Amino acid sequence: MSNLIYSAGRQLDKLLLDAYRAASAEGLLPPDAELTGVSEIPRDPANGDYAATHAMAAARAMRRPPRAIADALTKHIELGGSYFESCAVAGAGFMNFTLSDKWYSDVLRAVETEGSGYGRSDFGGGERVMVEFVSANPTGPMTIGNARGGVLGDALASVLDMVGYRVHREFYVNDAGNQVELFGKSVEARYMQLCLGEDAVKFPDDGYHGDDIRELAADIYGREGDSLAALPERVRVRRFIEIGIPRNIGLMRAHLERYRIRFDEWFPESRLHESGYVDETMRLLTDGGLTYEKDGALWLKNTELGADKDEVLRRSDGSYTYQAVDIAYHRDKFAARGFGRVIDVLGADHHGHTVRFSAMMKSPKLRSALGITHGELEFLLMQMVLLKRGAEVVKVSKRTGKALTLNDLLDEISVDACRFFFNAKPDTHLEFDLDLAVRQDSENPVYYVQYAHARICSLIAALGADGCAVPDARDIDVSVLRGAPERELIKQIALLPEEAIQAARDRDPSRINRYVVELSARFHKFYTACHIRGEREDVLKARLKLADTTRRVIAICLGVTGVTAPERM
RNA sequence: GUGCCCGUGGCGCAGUUGGAUAGCGCGUCAGACUCCGACUCUGAAGGUCGCAGGUUCGAAUCCUGUCGGGCAUACCA
C-alpha cells in the first residue's frame, strides 16, 4: 500500500522544515516563525516535479521578500539520499524540485510488489459502508437513467473498496405500495381488454402504458385464457402482481448481470411490512413523542426536526407513505445492520426528498427514538441523462412506454462503452447521443485506453517470442529512463493511489476514467518516442518494464470501472 | 417565491482544501509510418473562465450581488 506521491510530499515538507531550522540557526531567517505552505505537483513540468510555496506563504510573517526566503532555504536544504535531486528558485518565490532516480525506481517496484493491489490504501480505515443504487421500481424495465446510476454506484463501490472501506452493494426492491398496486391494475386492465375487447375496458389514467405491460397481459392470457376474468377484480389484481413483480425482478437481475453489476443484497420492501418492522418503527416514533394524528392520518412532527412542514406517515386509509417505509428501511440499515455509512445513489429528481430526509436522519431526537447510535447517511445525486438520436431528443418516461431500456441500449452499444461513457461526473447533465455512441471507434475514449492495453500485450508477446521476458524491477537501471516521455509516464503511474483516494473522497469515480485516459495518452507518447525492440539491452529492459507496469495499472483502472482490458482488439 | 446543481474556445468537458503562460477530446488546418499494432503521434489556429464588485503577494477556484439553464418543492415513489 505505497503512495509515492504522498511519501515524496511528506519528505519534502520535512526537508524544508530542517532547512528552515538550519537557516534560522545561522541567522539567515528569523526564528520561531511558522513555516507553512503546500508541496504540489506543478501543472507544467518545466516548473519541476514538485513545487513548494512555503517561501511565499512565510513572506509576511518573516518580513522578507519571498525570493530571499527561498534562497536561504535552498542554501540549507539537504537532498542527499532523498527522493529529490535538485532545487531551484523560480517565479515569485516558488521552490522547484526534481525527483531522483530512487523515486522512479520505487514507483516501478511498488507496482511490481503490490500487483493487482496497487493503488489500494487504508484511507477508509475498514469502515463498513453501504452503497444503495439503481433500486429501480420493479414495475417495468430499467431505463437509461438506471444505466447511469448503475455504473456510478458500482464504480463508486469499487473505488471505496480500493481505499479501504468494507463495501456492501444493495438494491432496494420497491415490491410494495402504490406503484405496485398501479402496476397490477394496469396489467389487469390490459388482460381484461384481451378478454372483452379494447373498448370494453377503461385503462387507468395514471396507469403504466408501456408495451411490457401489454406483453405480460398477453402472456398470461395465452396461458390462462379468460379463466381469470371470473375472479373478483381485487383478487385478479393481486394475482397479476404476484406473477408480474417477481418476473420483472428476475429480468432486472439478468439485465444488470449483463451490465456486469452484482449486488450483495436485494432488499425487498415487502420484508419491512411483513415482519412488522414498519409498524414497530412507527410505534417508536410515537413513543418518542414525534407523531400526532390529524384528519385520520398519522403525521410526523417534522417541523420539530428542522423541516418546513410536517409529513404524513400513515394515510387515512391505513397504508404507509413512502416516507414512513423509508424511515423504517434506514433504521434497519443503521440500527439493525450497523453500517457506519450509507450512501444512497439517486436521480436528481429525488432532490426534494433527500433534503428533507437527511435533515430528519441527522436529528438527535429521531435517532434516539429509533435507537440509531452511530452512522451517517449521504445522498449522491446524479443529474438526468438527456438522450438524443442525432438532433432529436428521446423522451425517457416509464409512463408513455417509449423509453429506451437498459437492455435495448446494450443491444446497440457495447457494455464496455456504456460503462465507460456513463461514468461521468455525477452532478453534471449527461448528453448521450446514440448515433455517436454506437460507433465503436476512436470517438469513444474507452477504445483509446483499451488499445493502449492491447498494444502493450502484443509488444510483450513479440518480445517474449524473441526470448526477452519482462525483467524484475531490481534488475533494471531506471537511470536510462531519463527522457521526458518516460518520466511523465512514471509520474502518472505513481498518481493512482492518490487519485483513488480523491475519487472516493469526492464520491466521483469518473476521476479514474480521466486518470486512465491520461495514463494511456502518456503511454502512447512514450511508445512513439521510445523504441523498445532491438534497443541496447539495458534500455530495452527498462522500457519493457515500464510498458508492462503501465499495462498493469491500466488493467487495474479498467477493473474499477467495470470495463474489460482486452489483450487484442 | 424558496432550496440545490450547472454556466470555462464552434461542440462536449477537466481544472474549485487559492498558485506560475487556464488544459483535454471532437471538429478545423498543417505534418509524421522501409521500424515493436496509424484504433497512434507532432504542430497550428481558436478564451475578457456568464456578468459586476469584494477579499490578497496571487482568484476559473473564496465572499456578495446579478443574469441564464436544469431539478425539486404530493396523504407518488
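**Exercise 1. Describe the overall architecture of chain A.**

Solution. Chain A contains 21 helices and 15 strands, where helices (H or I, at least four residues) and strands (E, at least two) are DSSP runs numbered from the N terminus. The model is predicted, so local features need pLDDT of at least 70 and side-chain atom pairs count only at pLDDT 80 or more, while totals for chains, interfaces and linings use all residues. Residues are numbered from 1 along each chain as its sequence is written, chains are lettered from A and ligands numbered from 1 in the order in which they are written, and side-chain values use heavy atoms, with hydrogens and water left out.

Next, consider burial: of the 569 residues of chain A, 54% count as buried, that is, under 20% relative accessible area (1.4 Å probe, protein chains only).

**Exercise 2. Characterise the surface near RNA strand B by class and by element.**

Solution. A residue is near the strand if one of its heavy atoms lies within 4 Å of it. Of the 49 residues around RNA strand B, Arg60, Gln179, Arg315, Tyr448 and Tyr451 come nearest.

By class, this surface has 15 nonpolar, 19 polar and 15 charged residues; Ala, Val, Leu, Ile, Met, Phe, Trp, Tyr, Cys and Pro count as nonpolar, Asp, Glu, Lys and Arg as charged, and the others, Gly among them, as polar.

By element, those supplying at least two residues each include H2 (54-62), S4 (94-99) and H17 (445-465). The most comes from H17, with six residues.

**Exercise 3. Identify which parts of RNA strand B the protein approaches.**

Solution. Of the RNA strand B atoms within 4 Å of the protein, 63% belong to sugar or phosphate and the rest to bases.

Individual polar contacts (pairs of N or O atoms within 3.5 Å) illustrate both parts:

- Polar side-chain atom of Tyr448: 2.4 Å from a phosphate oxygen of RNA strand B.
- Side-chain N or O atom of Lys425: 2.8 Å from a phosphate oxygen of RNA strand B.
- Polar side-chain atom of Asn96: 2.8 Å from a base nitrogen of RNA strand B.

**Exercise 4. Analyse the open sheet S8-S9-S10.**

Solution. The three strands follow the order S8-S9-S10 with antiparallel pairing; two strands pair if DSSP finds at least two bridges between them. Strands S8 (291-294) and S10 (311-314) stand at the edges with a single partner strand each, so one side of each has no neighbour in the sheet.

Four bridges join S8 to S9 (residues 297-300), and Lys294 stands opposite Ala297 in S9.

Key: A polar contact is a pair of N or O atoms within 3.5 Å; within protein, one must be able to donate a hydrogen and the other to accept it, and residues adjacent in sequence count only if both atoms are side-chain atoms. Buried means under 20% relative accessible area, exposed over 50%, partly exposed in between (1.4 Å probe, protein chains only).
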